[in-house]
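Have the sequence and the model open side by side. The paragraphs below go from single residues to a helix pair and then to the aromatic rings.

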Amino acid sequence: VGRQIDRFGSRRVMTLAAIVFAGALFYMSTVAGVVTLAIGFSLLRASGQGVLTLAARTLVPHWFVRRRGRAFSVIGLAATASLAAIPIVNEVLIRHLGWRDAWRVNGVVILLVLAPLLWFFVRDRPEHVGQHPDGIPPDPGVMHQVIAEHGHSLKQAMRTPAFWALIGAGLIPPLVFTGLSFNQVAILTDRGLPATLAATTFTVESLVGLPITLMAGSLADRFPLRFTLAAGQAFLALALVVLLISDNTALALVYAALRGVAGGFWGVAADVAWPSYFGKRHLGSIRGFGYSTGIAGAALGPIPFGLAYDLLGGYNPAILGLLIFPVLGGIAVLLARARDQHHCGEGT
């Protein structure tokens, strides 16, 4: 799909993905067993969180350069707000209409609202409507703007240390966050904390993540990007350390807050890093590769926790084992040399 974004543009790919996503939502209203459920969730994941998210994050760098961090901050805020609001809306729909009709209402909204909005209002590049990135005409004498427009191909990017530093570090947050999210309630209740507190940690994480996301966008625009990337990994490591000793309400809330800080820093900085390091011409292919590895990390994330609990009698061995990964990830992004970023054109 990343290659198709490079070929046909985000507008066409996003519109088609929205139509498929609507179809998947309608399909979910008909599930009647394990097989149909698995098919439905696969379609939802691929078209919604997969293609729509990838295409949106590939679109933004074409419209913003100097304000790219702040633009991705807005996307991060929208994602956080939707995670807070949509489950509540769906709960109301399920209570009044039943779960099958709730799926259908979601499908109608996507098909009749989102898909037309994408087709009629999204444009792949500002030049298509007589505009410029950030609203600022380019200076033809500034070579890095020319380099950034062309950028690396996927094969060229794969020959740079910065690419593999981002790939390796990018695996870590999805792996750790997904593993923790699947087991967070069990981890905290296993230490005698109430289930309501364990569930509240997700809300605390979101509330902390909102201002941090805004801050991360501003920092990514003003300072060397590798420091913001490393901060995301460092706060994730600190969150794991606090989780190891979380046996009371205060520590559990501190852990949740650190998760919000880590997610806010890393989410924005990683979005900014790919176009900043490798340009925009083949960004879909490059981001598609990175996005796929992130999904693989998320798929593997819950496994260490399950194995640790079944084989070793608790979750702490998994937490300790995973702790080394954000430490290594932070070192990797810090060592991604400025020379690689300058060669790619837009990096800081």
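Leaving aside its neighbours within four places in sequence, with which residues is Thr80 in contact? The answer is Ser206 and Leu210, where contact means heavy atoms within 4.5 Å. Before going further, note that this is a predicted model, in which local features need pLDDT of at least 70 and side-chain atom pairs count only at pLDDT 80 or more, while totals for chains, interfaces and linings use all residues. Residues are numbered from 1 along each chain as its sequence is written, and side-chain values use heavy atoms, with hydrogens and water left out.

Thr80 is placed in helix α4, residues 68–97. Helices here are DSSP runs (H or I, at least four residues), as strands are (E, at least two), numbered from the N terminus. Thr80 has a relative accessible area of 17% and is therefore buried; buried means under 20% relative accessible area, exposed over 50%, and partly exposed in between, with a 1.4 Å probe and protein chains only. From Thr80 to Gly69 there are 11 residues in sequence and 16 Å in space, C-alpha to C-alpha.

Helix α3 spans residues 34–63 and contains His62. Arg57 is also found in α3, and so is Val51. Val51 is buried at 15% relative accessibility. Not counting residues up to four places away in sequence, Val51 touches Val1, Val13, Ala17 and Ala46. The C-alpha atoms of Val51 and Ser10 are 9.7 Å apart, with their positions 41 residues apart along the chain.

Arg57 counts as buried too, at 18% relative accessibility. Beyond residues up to four places away in sequence, Arg57 touches Phe72, Ile75, Asp271 and Arg287. Arg57 and Pro275 are 218 residues apart along the chain, yet their C-alpha atoms are separated by 9.9 Å.

His62 has a relative accessible area of 10% and is buried. With neighbours within four places in sequence left aside, its contacts are Asp124, Arg125, Pro126, Pro133 and Lys280. Asp124 also appears in the contacts of Ser10, which, on the same exclusion of neighbours within four places, are Ile5, Ala55, Thr58, Leu59 and Asp124. Ser10 belongs to helix α2, residues 10–28, and is buried at 4% relative accessibility.

Asp134 lies in the loop between α5 (99–121) and α6 (143–150). Although Asp134 is not a glycine, it has a positive phi of about 65°. Its relative accessible area is 13%, which makes Asp134 buried.

Next comes a helix pair. Two packed helices are described by the angle between their axes and the distance between the axes. For α8 (residues 161–189) and α9 (residues 195–222), the axes come within 7 Å and cross at roughly 145°. Axes are lines fitted to C-alpha atoms, for helices over the stretch in contact, and angles run from 0 to 180 degrees between N-to-C directions. The crossing of α8 past α9 is right-handed; a crossing is left-handed if the near helix is turned anticlockwise from the far one by less than a right angle, and right-handed if clockwise. On the α8 side the contact is made by Phe177, Ser181, Gln184, Val185, Leu188 and Thr189, and on the α9 side by Ala195, Ala198, Ala199, Thr201, Phe202 and Glu205. By class, this contact has 7 nonpolar, 4 polar and 1 charged residues (Ala, Val, Leu, Ile, Met, Phe, Trp, Tyr, Cys and Pro count as nonpolar, Asp, Glu, Lys and Arg as charged, and the others, Gly among them, as polar).

The aromatic rings come last. Across the whole structure there are 9 aromatic pairs. Rings of Phe, Tyr and Trp (its six-membered ring) pair if their centres lie within 6.5 Å; planes under 30 degrees apart count as stacked, over 60 as edge-to-face and the rest as tilted. Trp274 and Phe278 form a tilted pair, because their ring centres are 6.0 Å apart and their planes are at 35°. Both residues are in helix α11 (residues 249–278), and being 4 residues apart there, they are separated by about one helical turn. Trp274 is buried at 7% relative accessible area, and Phe278 is buried at 0%. Ring pairs join Trp274 and Phe278 with Phe163, Trp164, Tyr277 and Phe289 in a cluster.

Rings also meet charges. Arg11 lies over the face of Trp119, 3.7 Å from the ring centre, and the charged end of Arg226 sits over the ring of Phe227, 4.8 Å from its centre. The criterion is that NZ of Lys or CZ of Arg is within 6 Å of the ring centre and within 35 degrees of the ring normal.
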